[in-house]
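Reader: Could you take one part of this model and look at it closely, working outwards from its charged pairs to the helices and packing around them? I would like the cut-offs stated as you go.

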Amino acid sequence: MKRNGTPNGPIEHGFPHLDTVRAAITALHRRLTTDGIRAYDTAFAPGDAAFGPDEDLHLGAHRVASAMVRALRLPDARVLVSFRPMEQAATVELTDGPAYFVEVADRFRTHRGDLAAALSHEVAHVLLHRLDLRFATTADNEILTDTAAAYLGAGWLLLDAYRQDALTHQKFGYLTPEEFGYVLAKRGRLIGEDLSAWFTSPRAYEAYVRGGALDARDHRRAPLAAAGPAERLRYARARRSGAAAERGAGYRFEGHGAERRVSFPCPVCAQRLRLPVRGPLRARCALCGTVLECAT
């Protein structure tokens, strides 16, 4: 049984799970291929998440669940939603299908606008189960699930459910708000998508912007040619001295002389590339196919 996190627990910020998030993005590219990920080119529509108080509870829940199944490209799966008192937002039983039973907390009987957010995590569990894609620990698997939901177009709802003000304290999922923003920025750059106008939560939008800023820095890190002067200077100093790169630099040097290489993560899929240390060159990531201008 997979459980979605409680919406009212302590809200962590920053990027504490960044290594796992990047590993999850790489794993998705390996399992689905980059063309397969691009097929998820339409994010879950706000209209499909809308669930008014006058709509029949169970028919509306079925409608939202069916839309989520379609969004995550599981047309031969059925998600059956029931409600019960529980601390967690939702749980799902992972079976051979085609029917999957999701239980959601009773609070969604009235807080219906957030039901799609909870279901995005649970249906992403179903997708990963069918893909036979998992990480070694439960905690890392939950990070993988949130990352998959966001990277494939449904999990922006998990970020939009984040609210923190004098009256409200709520966050779904296991990523921090900023990490959700980071994954959504990675998706946006790959797909050509801008969700900035979709957020109803001001705090969610702020996290989206902060995550996007980190993604932009990924594309300006040495040895990429777009790195800024200070970054280039640090890189050149480490290259000349043979010293280890500064903590957090992302690159490392291997070998000596003509065999010397620099390895660093692709800014799109996070797969590590190994390039000769010989100056300006153009490299193509073998996993996602991105062409990178580098100055090694």
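Author: K186 is buried at a relative accessible area of 6%, where buried means under 20%, exposed over 50% and partly exposed in between, for a 1.4 Å probe and protein chains only. D215 is buried as well, with a relative accessible area of 2%. This is a predicted model, in which local features need pLDDT of at least 70 and side-chain atom pairs count only at pLDDT 80 or more, while totals for chains, interfaces and linings use all residues. Numbering starts from 1 along each chain as its sequence is written, and side-chain values rest on heavy atoms, with hydrogens and water left out.

The side chains of K186 and D215 meet in a salt bridge of 2.9 Å, N to O (a side-chain nitrogen of Lys or Arg within 4 Å of a carboxyl oxygen of Asp or Glu). Because K186 belongs to helix α8 (residues 177–191) and D215 to helix α9 (residues 202–218), this pair ties together parts that are 29 residues apart in sequence. Through shared partners, salt bridges join K186 and D215 with R22, R189, D218 and R221 into one network. Helices here are DSSP runs of H or I with at least four residues, strands are runs of E with at least two, and both are numbered from the N terminus.

Helices α8 and α9 also appear among the elements that cover the buried residues of α1, together with α2 (34–38), α5 and α6 (138–151). Those buried residues of α1 are L18, T20, V21, A24, I25, T26, A27, L28, H29 and L32. Helix α1 (residues 18–32) has 15 residues, which at 1.5 Å a residue should span 21 Å, and its end C-alpha atoms are indeed 21 Å apart; the expected span is 1.5 Å times one less than the number of residues. Just after α1, T33 takes a positive phi of about 70 degrees.

The largest pocket, with a volume of about 600 Å³, is lined by 29 residues, and D19, R22, G250, P265 and R272 are the closest to its centre. R22 is thus also a member of the network that holds K186 and D215. Helix α1 gives the largest share of the lining, seven residues, and α1, α8 and β8 (261–265) each supply at least two residues. A pocket is an open set of points on a 1 Å grid over the protein atoms alone, where a 1.4 Å probe fits and protein lies on both sides within 12 Å along at least five of seven lines; lining residues have an atom within 4 Å of a point. Points are joined across faces, edges and corners, and the volume is the space filled by probe spheres set on them.

Another element that covers α1 is α5, and α5 is largely enclosed by the rest of the structure, because 15 of its 17 residues are buried. From its first C-alpha to its last, α5 reaches 24 Å, close to the 24 Å expected at 1.5 Å a residue. In the largest nonpolar core, F44, V104, F108 and L159 touch the most other members out of 98 residues, and helix α5 (residues 115–131) gives the most to this core, with eleven residues. Such a core is a set of buried Ala, Val, Leu, Ile, Met, Phe, Trp, Tyr and Cys residues joined through side-chain atoms within 4.5 Å. Leaving aside residues up to four places away in sequence, F108 touches F83, A89, D114, L115, A118 and F172, contact meaning heavy atoms within 4.5 Å.

At the end of α5 the chain enters the loop between α5 and α6, where D132 is found. D132 has phi near 55 degrees, a positive value in a residue other than glycine, and it is exposed, with a relative accessible area of 51%.

The pair of K186 and D215 can be set beside other salt bridges, of which a search of the whole structure finds 19. E103 pairs with R84, the closest N and O atoms being 2.9 Å apart, and this links E103 in strand β4 (residues 99–105) to R84 in strand β2 (residues 78–84), 19 residues apart. Here E103 is partly exposed at 24% relative accessible area, and R84 is partly exposed at 28%.
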